[in-house]
Number of protein chains: 4
Amino acid sequence: MKEIVKERYDTHFWQARLNDLVEHYRPFSANGRNADYIPALGEVDSKQLGICVAGPDRTVIKSGDWDIPFTLQSISKVISFVAACVTKGIPYVLDRVDVEPTGDAFNSIIRLEMHKPGKPFNPMINAGALTVASILPGESAQQKIETIYAIIEKMIGKRPVINEDVFRSEWQTAHRNRALAHYLKETGFLEAEVEETLGVYLKQCSIEGNTEDIALIGLILANDGYHPFRGEQVIPKDVAKLTKALMLTCGMYNASGKFAAFVGIPAKSGVSGGIMCAVPASLKRNEPFQHGCGIGIYGPAIDEYGNSLTGGMLLKQLAQEWDLSIF
Amino acid sequence: MKEIVKERYDTHFWQARLNDLVEHYRPFSANGRNADYIPALGEVDSKQLGICVAGPDRTVIKSGDWDIPFTLQSISKVISFVAACVTKGIPYVLDRVDVEPTGDAFNSIIRLEMHKPGKPFNPMINAGALTVASILPGESAQQKIETIYAIIEKMIGKRPVINEDVFRSEWQTAHRNRALAHYLKETGFLEAEVEETLGVYLKQCSIEGNTEDIALIGLILANDGYHPFRGEQVIPKDVAKLTKALMLTCGMYNASGKFAAFVGIPAKSGVSGGIMCAVPASLKRNEPFQHGCGIGIYGPAIDEYGNSLTGGMLLKQLAQEWDLSIF
Amino acid sequence: MKEIVKERYDTHFWQARLNDLVEHYRPFSANGRNADYIPALGEVDSKQLGICVAGPDRTVIKSGDWDIPFTLQSISKVISFVAACVTKGIPYVLDRVDVEPTGDAFNSIIRLEMHKPGKPFNPMINAGALTVASILPGESAQQKIETIYAIIEKMIGKRPVINEDVFRSEWQTAHRNRALAHYLKETGFLEAEVEETLGVYLKQCSIEGNTEDIALIGLILANDGYHPFRGEQVIPKDVAKLTKALMLTCGMYNASGKFAAFVGIPAKSGVSGGIMCAVPASLKRNEPFQHGCGIGIYGPAIDEYGNSLTGGMLLKQLAQEWDLSIF
Amino acid sequence: MKEIVKERYDTHFWQARLNDLVEHYRPFSANGRNADYIPALGEVDSKQLGICVAGPDRTVIKSGDWDIPFTLQSISKVISFVAACVTKGIPYVLDRVDVEPTGDAFNSIIRLEMHKPGKPFNPMINAGALTVASILPGESAQQKIETIYAIIEKMIGKRPVINEDVFRSEWQTAHRNRALAHYLKETGFLEAEVEETLGVYLKQCSIEGNTEDIALIGLILANDGYHPFRGEQVIPKDVAKLTKALMLTCGMYNASGKFAAFVGIPAKSGVSGGIMCAVPASLKRNEPFQHGCGIGIYGPAIDEYGNSLTGGMLLKQLAQEWDLSIF
C-alpha cells in the first residue's frame, strides 16, 4: 500500500513549503529565549528550528534542524503515562492522578494543598508526572525507567539514550520537584520512595530524541496506538485516545487552551523546545494527511509559557494551511 | 440530497438503539439530584431523559423526553460567546476573556484575585460569561439580549422564549453572580453596568429550548458554522472552531478533562440538565454520522460536577458505540 | 486627682519633644503618597502631620496638624465592632465573624472562598466589617449608623459628622466592597440587605474626626472602657479588652505583625492617614503615661501597606522613647 | 530580696487554687486527643495536666503533672528564633523571615507560592522555622543545634536532652517538612542544605523539658530577657520584646487571634501539649504576679488547632482570675 501511496502523493510540494516556513519563522527565535535553569539547555543555539511530519503510509517530510537531538523533558510525561496505563491499567492510574486541566503553573503545589486529598490534577503537570513515575512497575529507579525505554523502543525501533550531563544538572537543581515529591509522599500519592521516583522522572526527562523520533510516536498515537510501519498495535486504542485527550487539554502548559483554540491538535511540549503532535485522521483534510500524521518539532527558544516559540508559530501556520485541527 | 440519504440510511436501527439506551439509563437518575437553588429547577421530574441526534443530511433521531422544554442555563454561554465574537470580532473578545481551562469551580472568584489583572480565564465560567455579556452590542440589557436572540433565531428558525419564573428566581438569588460582576467592574473587565450585565446574563440562562433545538445548534457548530438545512454560513468558520475547542476544554465544568478523556466530544452542559454536543465529521466513523452531527440531551438529575448524570452516561455509551470521539 | 496630677507633671518637656518629632518626620511624607481612589483623599496636603496624646488624668498634649479633620475610614471598624458587641453581645458577634489575623489584603475575597463556610476572618478586614455593619440593630442604614453615632457621642461628647463628598465618592467606587457584600450575602454572613449594609459601612468610613477625637477613644479603650473624664464605664471591660487584642493582631493591615513587633501598641489605621492607639497602663513606663494613654495621629501620606507613613515613624520613635510597648 | 518576698507573699492560696483548677479541667481531656502522627506522642496518657508558675522573686508554684518531661515541638521555634537573633542580629533574621501572622495552617506551603518571592510569613510556622534553623551559625546540624542548646542552658541552667525515639520517628515521617525545605531551597530562603536543616529542626522539636523549664524561659522573656535568678541579661531586651510580640500574634497556631482576644498573653504551644507563656509586668494586676511571671503548662490532649485543650482552658481561667492579660 505504501508504494501506491508514494506514487499518488508526490511530497515535493509539501517539502518545499516546509522548507520555506522553517526559514520564515527561524528569525522569530529572537523573541524567545532558551530555558536556562540548567546550563546544557541555555547553551544551545536558539535559532535552531526543525520539523518532521510522518504519515501512516510512510510519507516522511523533514526540514531544517530536524535531526538535532534534544532532551524530551515534559514530552516524556506522555510516554510514562502511556507506560503506566499499559502496565497497570487505566483505572489503577486514574485512581492516583486525575485528568483535569488546571490554570496553574506546571510546577505548582498550591492545588495539592487546596483540594483535599491532594490527588494531582493531571499527569502533564510535574506533580502528576511524579505520581505516574512512582507507580511504574519495578523495585528500583532503573527497573522503572526500563518500562519507559521498552515502550519507546517498541515505537521507534531503538533503545533511547540518556543525556547524562542534563540528567546530572537536573538532579542537582531539582529542589521544586523534590518538594512536590515529598508533599505527594505525605499525602499518599507517591508509591515509591522520593529519591527513587526522582531518579525515574529526571531520567525520563533526559531521554534524547530528534523530531523524527517524536513524530513517529505522535503518528502511533494519532493512529490509535497502531504502528503503521510495523503493522502492530503497540498501545491499546483506549490508552491512545485517553492520551490524546490529555495532550489536547493539558499538553501545552498554561497555553493549552489557546493552543486547542488556535491550533487544535493534541500536542505535548517540553522546555527544551520540542513539540510532539498527534493529528488524527479527518474527512475535512486533503491528502496526504487525511489519514492523520505525527509531527515532531524542535525550536529551543521558548515563549512565556514554556513552549517552543518558533515551533508554535510554525505549527499554527501549518494547522491552518493543511486543515489539521480536530474541531 | 436529503431524500437520497434517507433512502440510503434507514434510521430504524439507531432509533431502536436510542430508545433502549434511554430506558436503560433513566433509572440511574436516582443517583443524582436536580439543581435546587431555584424552585423551578428542583420541582422537575428527575427521571426525565431525552435525546435528539441531528445529522447534516436532515437525519434526525429523537427519543424519550426529547421535547420537554428546559432553560439553557450555562449552555447559553456558548451562544453568547458566539454572539460576541460575531459582533465584536475574536480579538476584541479575547482581549477581555482568556480561553484557558481552570480546575476551579464555575462560580469561583479566587483566580480573579490571584492572577492580576483578573482577566477571566474562559467564557464558560461565570466570570467570563459575565464579561462576555457586558461586551455584547447595545446600550441596555434588552438590546444586548436581542443580539443573542438574533443568532439563535438564525440557527433554529424561531425566536427564543424566556422562562420568566426562572428568570425572576435567578434574579433574586444571584448573590454570587453579583459579587463576581462587581469584582469584574472594579478590575475593568465589565464594560456595561453590573445590573445591566446581570440582566443579560440571567436572561440568557433562562432561555428555553428542547433537545432538538440544541442538537441543531450543535450540528451547525459541528459543521464549522454552516447551516446544512438552510445552506448558509451562519457563524464564521473560525468562530465555530474556536467555540468547539472551548467546549472541549471547558464545557463540562470541572469534569471537562474526564469528559474529553472518556467521551471526546465538544459539549456544553447546564445545571438544568441539558448537554449540547457538536460532533465534527470523522473518517473513522460509519454512516450516518461520518459527516458529523449535533446531539441534544436532557436529563435534569445532575452529578457532583453539575452535569446531567443520566445524560452523561447515555452520551458516553453512544460515543463508544458510534465512535464519536474526535481523538 | 486631676489637679494634683497636673501639678506633678509639667507637660512642657513632652510637648517640646512632640513638636520636634513632628517637624523631624514631616518631610518623610515625600516617601509615601495619599490614598487616591477617591479625589477627596488625593487632594489633601501630604505633608500634614499631627498628634494628640491624652492621659487619664486629662493630660492632653497636641502638636502639628492635630486639629485637621479627616475621615476615619478603617478606624471606624473598631467603633462599629464595639457597637455591635455592646448591642448584640460578644457571642452573637463572634458567631458571625472570627478574630483571627490573616496575611491577606484587607479587601481580599480569596479566604472566604477557600475556607468554608466563608466566615470572615476578623472585623478589621472589609469582609468582616461588612458583616459587623449588617448586624447592627436597626431596620435601615440610618438606624444602624445611629448606633455607631451614639457610642461615639458617648465617648467624645459630640455627635459625629459625615463628610458627604467622601461618602458620595466612596459609594460610587465601591465595586470591590459590593462584590464582598454580595458574596457574604450568598454565604449567609450578611444579615441586612447589600445596599443597606454598604450604606452603613461607607457612612461610618466617612465620619470625620481629628487626632484629639481618636486619642480620646483610644484612651477609653486603653482604660478598659472606663471614660476617665466622665467617670463612667462607657464600654464593658471585656469588649474593650477584646477590641485591643484585635487592634494589636489585625489593626495595621498587613503590617500588623511588624507593628506589634516594633511598636507594640494596639492601634488601628485608616487609609486617610489616621492611627488610633490605645496604650494600656504599664509598670515599666514612667509618668505621666504609666497609667496608659490614648494617641491620635494624622498623616495622609501612606505607605505600601496603607498605614500613615510619617505617623508610623513618629509612633515607633515615641514608643521607644516612652516605653509604650505592651510587651 | 527573694526571702523578703517569700515572707510577704504566702503562696498557699494560689497553690490551692491551682490544685483545684488542674483537677477541675483534667477530665475535659476527653474532648481532645493526643497528636498521633508519631507513636511516642499518641501513647502518652491524655489525662495528664500540669502547670508551673514562676515569678521574678523566685516564687514558683507547681501543680499536677508539672514534672512530666515532654518534647518541646513547636515551642522550640521560639528558642531557635531567639538564638538566631542573638547570633545573627535581628535585621539579618528579618531579611529572611517576616513577622506577619497568617490564617494558614502551620505546615502550609500555599502562601510561599502565592506571594513572591516566597519569604516565610513568620518564624512560628514550619516554613519560617526551617529558614531560621538554616541560618543558625555552624557548618553542620550538630553545630547549629549547639547554638540552641547553649541559649537554653543559659536560661534553665542545664544542657537540654533530646528524646531520641521521638527524633527518629519525626525524621522518618517528615515528608511535609522536607517538601517545605526543598521549596525554600529553591526560592533561596534556606541557607543550609535540606537534610542539615531538617536535622536541626527535628532535633530542636525533640528537646525534652517539663513545665518548670518552660516557665523559666517564659519568665525570662516576660522580664525582657533579664534572668531574675541569675541577675543577668541573657537575651537582649529588643529580642525579648520582638519574641513576645511574635508569640502573641502567631504563637497559638490558627487560634492565635482567639487566644490573644480571650487570654491575652504571649504564648507558644506545641503539639505534644506544652504551652509556654511570658506574662509581662502590669500595674493592673495584684501581687505576687504584678511584676510578671512565666507559666509552663502541659496537657497532651490537643484541640482542633493543635493547642493543649485542658491547658488552654486552665490558662484562660487563670488569666481572668489573676488579670494576666496584657490588654
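**Exercise 1. The open sheet of chain A**

Determine in what order the five strands of the open sheet of chain A are arranged, and which of them stand at the edges.

*Solution.* In this predicted model, the strand order in chain A is β3-β2-β11-β10-β9, and the pairing is antiparallel. Next, consider the ends of that order: β3 (60-64) and β9 (267-269) of chain A each have a single partner strand, so one side of each lacks a neighbour in the sheet. From one strand to the next, the twist averages 10°.

A pair within the sheet may then be examined. Six bridges join β10 (residues 274-279) of chain A to β11 (residues 293-298) of chain A, in the antiparallel sense. Within this pair, A:Cys293 of β11(A) lies opposite A:Val279. Finally, helix α2 (residues 12-25) of chain A packs on the sheet, where it touches β2 (50-54) and β3 of chain A. The direction of α2 makes about 25° with that of β3(A).

**Exercise 2. A helix pair in chain B**

Classify the packing of helices α9 and α11 of chain B, and state which residues make the contact.

*Solution.* Two packed helices are described by the angle between their axes and by the distance between the axes. For α9 (residues 164-172) and α11 (residues 194-205) of chain B, the angle is about 140° and the axes are 9 Å apart. Angles over 145 degrees would count as roughly antiparallel; α9(B) and α11(B) are therefore oblique to each other. Their crossing is right-handed.

On the side of α9(B), the contact involves B:Phe167, B:Glu170 and B:Trp171. On the side of α11(B), it involves B:Glu195, B:Leu198, B:Gly199, B:Leu202, B:Lys203 and B:Cys205. By class, these residues comprise five nonpolar, one polar and three charged.

**Exercise 3. Two covered elements of chain C**

For helix α7 and strand β11 of chain C, establish how many residues are buried, and identify the elements against which the buried residues of α7(C) pack.

*Solution.* Begin with α7 (residues 126-135) of chain C: ten of its ten residues are buried, including C:Asn126, C:Leu130 and C:Ile135. These buried residues pack against α4 (75-88), α5 (90-96), α6 (110-114), α8 (141-156), α10 (175-187) and α11 (194-205) of chain C.

Turn next to β11 (residues 293-298) of chain C, in which six of six residues are buried. One side carries C:Cys293, C:Ile295 and C:Ile297, the other C:Gly294, C:Gly296 and C:Tyr298, and both faces are covered.

The strand partners complete the solution. Strand β2 (residues 50-54) of chain C runs antiparallel to β11(C), joined by five bridges, with C:Cys52 partnering C:Gly296. Strand β10 (residues 274-279) of chain C also pairs with β11(C) in the antiparallel sense, over six bridges; here C:Ile275 has C:Ile297 as its bridge partner.

Terms used
Residues are numbered from 1 along each chain as its sequence is written. Chains are lettered from A and ligands numbered from 1 in the order in which they are written. This is a predicted model: local features need pLDDT of at least 70, side-chain atom pairs count only at pLDDT 80 or more; totals for chains, interfaces and linings use all residues. Side-chain values use heavy atoms; hydrogens and water are left out. Two strands pair if DSSP finds at least two bridges between them. Helices (H or I, at least four residues) and strands (E, at least two) are DSSP runs, numbered from the N terminus. Axes are lines fitted to C-alpha atoms, for helices over the stretch in contact, and angles run from 0 to 180 degrees between N-to-C directions. Contact means heavy atoms within 4.5 Å. Angles under 35 degrees count as roughly parallel, over 145 as roughly antiparallel, 65 to 115 as roughly perpendicular and the rest as oblique. A crossing is left-handed if the near helix is turned anticlockwise from the far one by less than a right angle, and right-handed if clockwise. Ala, Val, Leu, Ile, Met, Phe, Trp, Tyr, Cys and Pro count as nonpolar, Asp, Glu, Lys and Arg as charged, and the others, Gly among them, as polar. Buried means under 20% relative accessible area, exposed over 50%, partly exposed in between (1.4 Å probe, protein chains only).
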